[in-house]
Every structure is written in C-alpha cells, then in structure tokens.
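Here is a short report for a reader meeting this chain for the first time. Please look through the sequence and the model before reading on.

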Amino acid sequence: MKLITGFIISAAMLLAICFLADNVWADIQQVQTPSELIEKQVTLDTYELVQSSTIHDENGKKIQTLHGTEHRTYITFEQLPPSVIHAFVAAEDNHFFEHTGIDGSAIIRAFLVNARSQSTEQGGSTITQQLARNLFLNHEKTYKRKLNEALFSYQLEKEFSKEKILELYSNAIYFGNGVYGIETASQFYFGKSVSDLTLAEIALLCGIPNSPNKYDPIKNMDTAQKRQQYVLKKMLDNQYITQAEFDKAKAKPIRLKVTRTKQLYPDYTSYVIHELKELVKVRDGFDEKIAKAATAEEKENIHAQLNEVVYNLIYDKGVKIETFLDTDLQKHAQKNIQRIPHKVEGAFVIIDHNHHKIKALIGGKQMKANEFNRAYQAYRQPGSTIKPLLSFAPYLEVTGSSISVPVNASPLCKQDYCPQNYGNAIFNTVSMKSAIGKSINTAAVRLTSQIGIDKAFEYLKPFSFQKVSDNDRHLPSVLGGFDYGMTPLELTNAYTTFSNNGNYQPSRAIKRVLSHKGEILYEWEDKPTRVWSKNTNIKMRTLLNYVMTNGTGRVATLPTPYIGGKTGTSNAIKDLWFVGITDRYTAGIWMGKDKPAPIQASQLLHLKIWKDIMQKAQP
C-alpha cells in the first residue's frame, strides 16, 4: 500500500512539470494559465502575510503581542542569519539558486526514493513551491493543486529575487504551536531573537516546518533532534559548515525556553484596544457615517465595518501601537489597589494633565485579560465629585461672583425635592470655601438652582459623558443622582480642565499607531475646548485646594506645589470617590461593589490609597 501511495504522489509531482498525462486532462482544463494569473494580479505585491501586532509603553518597550490564529513577527532578508538560509536551502532545496521554481531532478529523485522505501517522505517540492502553497493554495494532494503550484512558483520566480523569496518563505512557513515564521519560532521556543541563536538551535528550528507536529520539540524532542542532525548533515554535505562546526553543533545540548505571549498590563492594554477603535472611528470617518445613518440597521452595518477594520488592523496588519503607559506607576497603583477589602472592587486612573496622557489605568484589584474593566466600563453615580463640574464652576462662570461672597446653605425644597446634608446637619450662611470643603449639599443645590439646571448641564457637554442624558437634568444630579453616572476615567478626564485654564482636551493612552514598515497610520489630533474662563478656573483651583487643606480631602494631602481635589460618596455609601490634582497629575479612584450595595469599608481608605500611589508619581 505504501509503495502504491509513494508512486501516486511522486507521479503527481512529475506531472506538474510534464503536463502530458491523459488521466489528468480534466484537471488541466481547470488550471489557470500564467496569463490568467497575471490578469487577476495574483502576485505578492497584492498579498501580505498576516502579522502580529504589538503594544509598547512610553519607553518603547513591548508589553503585549496581539495575534489571531497566525502568530507571526516579520523580519527582512537582511535580518536572517546566513545559517538560517543555508539550513533551509540544504535541507529543503539544495538547487534553489539554480532552478526557476521547479526542480525536475528533485521530483524524479523523490519518486525513486519513495518507490524504494515504500513511503512518501521525499517531497521534491522546491522552496518556491512551498512558498506558493503557503501563500496562495492549500495542502491537499490533488493534480490540480500541484499544477497550480507550479504556475504560481513560475510567477514568483519571475517577479521576485531569490533573496525576496527566501525572506517570504522564512516568514510564511509554520513551526507548530500556532507559530509562523523563523523569528516568531525563535522567540517562542528559545525566548530570544533568531540573530542570537546557535547553529544547533537554528538547525533544530529549520527542521520543524517539514512536519511541524512530528518534529515539535516540546512533545517530540528525540524526533526533532534526529531531524536537526539531518539538517546539519545536509549543511555539511553542501559545504555550508565545516566538520568541526558540524561536530560541535551535533554534540551541543538543546535547552528550550518556551516563551508564550503574556499580557503584562491587561487593565491598560484592554483600554488601548478600546481606544484604538475610537481612534479609527474618528480618523476614518466612521463617526460621521454613524451620525448620518437613517436607520438602526444602517448604523449596525457601519459598526460591523468598523469592527472589521479594527480586527484586521490588530490581527493581520502587524501594527505597532505606541502608548503613554508608565509601567512603574502602573505596577505601583496595581499593588496599592489590592488593599481594598474583600468583596469590594476599585479602579484608578492617573493622567499627566499637562500633556493629556493616560499614564496608568487600573480596572480592578486583579483584573485579567478580557475581563470587565471598571476604569472605563463601570458607570457609577459620582456623589459629590460632580459638584465642581455641575454646581460651583457653572455658578461662578454665569454670575462672575467672587468666592468670598457668602452662600446660603439653609434647608430648602424645590418641587418636592428636599436635599439633606451629611448627618442631617443644618447650616445657615457659609463661605463658598466651606460649602465645597465640607461638601454641603444644600449649598451646592442652591447654587445650581440659581442659574438653572439646564444652564448648568451645558457645562457638562464638552466632557462627552457617554451615559449622561436629558433624563438626568434635575437637581438630584447636583449631588450625583444620575440614572447611570460616569466612569472613573471619564470623571478624572473632566477634572483635567482645572489644570488647563478652563480648557478641556481628552487625555489619551495611544500616542500613535505605526505600520510594520514604520509609517504613521493613526494618531490623535485633538484640540482643546473652552469650558469656562481662566478667571473661573483660578477660583475653582482655590476652592479645590481648600478641600485638601481644610475639608474632606485632608487625608490625601501631598507636599506638592499645588494640591486640589474633591471627595464623593453616593447614597448608602455604595460608592466612594476621590479625584485629586497635583501640579503634574490628575488622578481618580473609585471603590464599590460591582452590583451596587453598601460597602463596609473605612471612608478614608480610598484617600489613603490615592495618597500612597501619588507619592510615587511625584518627582
């Protein structure tokens, strides 16, 4: 049976050259001619290998690799060590530099060897044929595929240099375990670049593609080493290495260092992927298309197109995503956020407000990849942290009032809404500093009421809070009583306005997105929006500083040129908030349960955690 199988396979390969046998005439009629291939532009100019993408921190260090079914890191011919080229040519196609895509002598030799050994181990396919098969065809054993393979090989040799074909081949072939290309294989099996491999390691890797499952060094090291020795012997026979080099490589022990892709900072990188989608949506005009869509179905189709573009960008194009992540801050924040008690969760965001950079983002105490990210996905009622944005700043902007003007904080009722102060405390006339420093609810509601809730809400528009709607336009929102609320990232982002003279500009995690060739594909082009005047902003900074020196934020005070902030607690203590500002950073923390419920935790713990994290951030 093996003899018959070997004969059939070898004969099929011979037919790929001769095109003469009557019993394959039906297949030949279906085969595309070279002119048809050219007409359809089936060339490597229009074909790109699937490549893995990478995310990098602010210093350019790779922190995550993103890939789909094919994990591949592309390298050029110049980056291939000579020993890799020699190993492939010697073991797979020692006439590579002489033939024009098909090696007739190799096919005949394979036919004879297979017939004698009653096997099909000798293939006879050239490197060019293997490349054509990997790029354009499949691995089915049919006459039609072999004939098309020959035509594609001819076209490849016609269009590309031998060096380019070797480059593509080295990157296209499969090395088992979901790994494609020699560089990816080197990183996976040995934890280092192919340029750092020994001859013994190169020979082992270059032997795998012949049968990736059979020669898998993780499962079948003995078999893989036998193939390695075959590769070394072929290199010796073809005078690519000396006898001494052969003996040394053959005797050298192989120690694998299997290195699987890891997600080092899943909180931050998961947000990066989310932001990438937003970046593509804006830069490629999808947001405009969605806004103009007439029906829900049309919007759904546009979103599907957007998702496809982003998916291809991440999992096919091999892009490099540069970010503003400060890994030291990220690790320090992650460590401290774990101090939150059992069954209570938390989130933390640090923004360099001078440059609109998200430096660290924590989505949970121990968030893993593809899990719920509380930093940007948890919409919660903000409590009193909304007061500076919805009450004090709008009031000062509309009235132009001085912060030294007394504020009426006595009990009030508006359309059956009668806000209460913490502990049911009753006040009369207080200073504006005391009103914000002690977080007096009656004072904040009265200030907003004086300018009108609709007017106050106009000042929230530039922040683009995703789940704030017209349904929230009522006085309870002044104390944080929104239907959904906002995320820790949204609220922290909004507070950066206080450090930018009353201007708001979204802070970003992504610096830019580069192609695998280094071309800039995407980067943000944000422009600041005036929210309130510089004069109002100066007043607000004074008030927020008072919160830290004499009010509810004293526990979080730091020795920094400027310190400001605001605490917040939702009804029944379901959420604890604090957003603080230093001369360089705006940072926000949230604590609560995923399913809103009262939390049994010190109402000072989040302030202490915030302070400990930000002490690390200060120069």
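Is S153 buried or exposed? S153 counts as buried, because its relative accessibility is 0%. This residue sits in helix α7, which covers residues 143-159. Leaving out residues up to four places away in sequence, S153 touches T100, G101, T128, Q129 and A132.

**The chain as a whole**

This is a predicted model. The mean pLDDT of the chain is 90. Of its residues, 88% reach 70 or more. Residues 1-29 are another matter: there the pLDDT is below 50. In the model, this stretch has 40 contacts beyond near neighbours in sequence.

The chain holds 24 helices and 16 strands. It has 619 residues, and 52% of them are buried. Take the contacts with a separation of 6 or more: 70% of them are between residues 24 or more positions apart. The chain exposes about 28,400 Å², with carbon and sulfur atoms supplying 48% of that area.

**Nonpolar cores**

The largest nonpolar core has 84 residues. Y268, L276, I321, L389, F392 and F463 have the most contacts inside it. Another core, of 50 residues, lies apart from it. I127, L156, V179 and I254 are among its members.

What does F392 touch? Not counting residues up to four places away in sequence, its contacts are K387, M432, A435, I436, A444, L447, M540 and L543.

**Strand β1 and its partners**

Strand β1 spans residues 53-56. S53 and I55 point one way, T54 and H56 the other way, and all are buried. β1 pairs with β2 and is also joined to β5, as the table shows.

| Partner of β1 | Residues | Sense | Bridges | Partner of H56 |
|---|---|---|---|---|
| β2 | 62-66 | antiparallel | four | K62 |
| β5 | 320-323 | parallel | three | E322 |

H56 thus has a bridge partner in β2, K62, and another in β5, E322. β1 and β2 form a hairpin with five residues between them. In the turn, G60 has a positive phi of about 90°.

**Helix α24**

Helix α24 covers residues 605-617. Does its length agree or disagree with what its residue count predicts? At 1.5 Å a residue, its 13 residues should span 18 Å. Its end C-alpha atoms are 19 Å apart, which agrees.

Which residues of α24 are buried? They are L605, H606, L607, I609, W610, I613, M614 and A617. The buried residues of α24 pack against one helix, α16 (327-337). They also pack against the strands β6 (345-352), β14 (563-569), β15 (575-582) and β16 (585-592).

**A partly exposed position**

V282 lies in helix α13, residues 266-283. Its relative accessible area is 37%, so V282 is partly exposed. How far apart are V282 and W524 in sequence and in space? They are 242 residues apart in sequence and 8.9 Å apart in space, C-alpha to C-alpha. V282 touches W524, and it touches D287 too, not counting residues up to four places away in sequence.

How values were computed. Residues numbered from 1 in each chain as written. Predicted model: local features only at pLDDT ≥ 70, side-chain atom pairs only at ≥ 80, totals over all residues. Heavy atoms only, no water. Helix = DSSP H or I, 4+ residues; strand = E, 2+ residues; numbered from the N terminus. Buried < 20%, exposed > 50% of the residue type's maximum accessible area, 1.4 Å probe, protein only. Contact = heavy atoms within 4.5 Å. Areas by Shrake-Rupley, 256 points an atom, 1.4 Å probe, with all protein chains shown as cover. Expected span 1.5 Å × (residues − 1). Core = buried A, V, L, I, M, F, W, Y, C linked by side-chain atoms within 4.5 Å. Pairing = 2+ DSSP bridges. pLDDT = per-residue confidence, 0-100.
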